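Here are some short notes to read with the model open. Take the points in order and find each one on screen.

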Amino acid sequence: MNKFFKEHLTVASNASGRKMHVPIYRFKGEEPGPKVYIQSSIHGAEVQGNVVIYHLIEYLKTTKIRGEIVLVPNCNPVGTNIKSGEYTLGRFDPINGQNWNRGYYFKEELINDFVDTVTADDSFEQVKHAFRQQVKKAIEAELSKTWGIGLAPRLNLQLQAQAFDADIVIDLHNGPVATRHIYVPEYAKESAKHFNIPHVIFIPNQFNGALDEAMFCHWWTLADKLSKKFPQQKWQIPVEAFTLEMGSQEVIDFDSGSYDAKGILTYLNYKNSLIDANLKPENINRYAVFLKDYKILYTQEGGIIEYKVKPGQHVKQGEVLAKVLNVDDLDNDNAVSYIYAPEDLIAILHFPSASVLCGTQLYKCFINYFPLP
Ligand SMILES: [Zn+2]
């Protein structure tokens with residue numbers, strides 16, 4: 001059967017000097033195969049991924065795997081514990097204000113320097129191994145900088161050092177009030193159909209600080225540069241990384257968690273990670289957009305809002321998205337106003353609160369979407 005290991009990684013320490021740890025659950029198969037890394041709750045209010053990991057662990061107790069699967073639930077012990085009244089303020093490092101999912105490492109110069117050292121005789125496996133070591137060394141150097149680094153990047157880099165060994169990386173998130181959607185690098189289009197996720201966002205080779213990008217931008221850029229240097233050789237991108245958004249934050253749901261765990265296992269089965277698993281993708285409608293067509297609708301005015309469109313709903317241009325109550329005008333014709341869909345769209349998520357200021361990200365939507373056969 002699979003070998004199982006459990007350890008703890010120290011990722012932070014609090015003002016009392018107490019170390020803060022995250023658990024690492026590691027399953028190792030007897031046969032060689034891909035190395036998989038899955039983490040959840042880097043944004044502290046997005047807790048559903050922990051239930052998904054629970055279900056994955058239950059499954060992996062009885063199903064043989066190839067290679068290795070590493071599971072890191074609740075990977076941000078700082079963010080999960082920052083409460084304000086009823087809410088978890090889990091999105092930003094409270095000290096420096098940085099988004100907890102924007103402090104990962106990527107530097108194109110490192111890749112340029114590395115490509116200079118590669119010769120035509122180096123095998124793909126040698127290049128892969130050497131590149132991994134190089135990036136991990138750079139991450140260690142960032143972590144041990146004499147001048148130090150902020151809380152969010154400190155946490156991020158320690159997790160990235162674990163993740164960078166993997167061939168497959170999945171970062172589990174939730175939207176505020178959201179339907180299932182997944183970020184997929186454009187080169188991994190085929191893989192998008194193996195998750196049971198109806199909404200797919202294809203992202204370009206562009207680093208904005210998130211974990212999935214910090215993984216695939218390295219390997220994508222490396223493959224591009226090597227293909228230019230050695231045009232006669234075919235350099236594949238050996239790593240796939242995804243951000244998987246499974247519904248709303250501040251909620252866990254065991255049944256949904258079981259469904260999402262099954263979707264992840266179906267993809268892992270497609271990637272040869274499981275032995276004798278009879279898992280096939282669900283026959284669902286999948287819609288996709290390129291990242292430029294994943295649009296944010298900001299409010300022009302503040303007010304109290306009823307969300308008329310649920311995440312996942314298809315809406316025609318001009319239809320009502322939200323109904324607004326303006327408390328300064330309750331006695332006149334301006335008491336109620338409406339926010340309309342600027343284009344045909346699919347609503348993917350909306351702001352969680354009824355009271356909104358102007359400039360709030362009210363809805364995030366797919367436009368110019370297309371079916372994924
Ligand atoms: Zn998130």
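1. A term to start with: helices and strands here are DSSP runs, numbered from the N terminus, with at least four residues for a helix and at least two for a strand. Keep in mind that this is a predicted model.

2. UniProt, in an unreviewed entry, lists residues 32-269 as "domain: Succinylglutamate desuccinylase/Aspartoacylase catalytic". Over that stretch the chain is 40% helix and 21% strand. The C-alpha atoms at its two ends lie 14 Å apart.

3. Now the metal. Which residues coordinate the zinc ion? They are His43, Glu46 and His173. Each histidine uses its ND1 atom, while Glu46 appears twice, through OE atoms. The distances run from 2.0 to 2.6 Å. Along the sequence, the donor residues follow the spacing H-x2-E-x126-H.

4. The geometry of the zinc site is irregular. Angles among the four donor atoms span 55 to 149°. A tetrahedral site would need all angles between 85 and 135 degrees.

5. Are His43 and Glu46 buried or exposed? Histidine 43 has a relative accessible area of 4%, and glutamate 46 has 2%. Buried means under 20%, so histidine 43 counts as buried, and so does glutamate 46.

6. Look next at an open sheet of four strands. The order is β17-β16-β14-β19, and the pairing is antiparallel. β17 (336-340) and β19 (355-356) are the edge strands. Each has a single partner strand, so one side of each has no neighbour in the sheet.

7. Finish at one pairing in that sheet. Strand β14 (residues 303-307) runs antiparallel to β19, and two bridges join them. In one bridge, isoleucine 304 partners serine 355 of β19.

Key
Residues numbered from 1 in each chain as written. Predicted model: local features only at pLDDT ≥ 70, side-chain atom pairs only at ≥ 80, totals over all residues. Heavy atoms only, no water. Donors = N, O, S within 2.8 Å, 3.2 Å for Na, K, Ca; no water. Tetrahedral: all angles 85-135°; square planar, octahedral: opposite > 155°, others 65-115°. Buried < 20%, exposed > 50% of the residue type's maximum accessible area, 1.4 Å probe, protein only. UniProt positions renumbered as here; feature names shortened; annotations may be inferred. Pairing = 2+ DSSP bridges.
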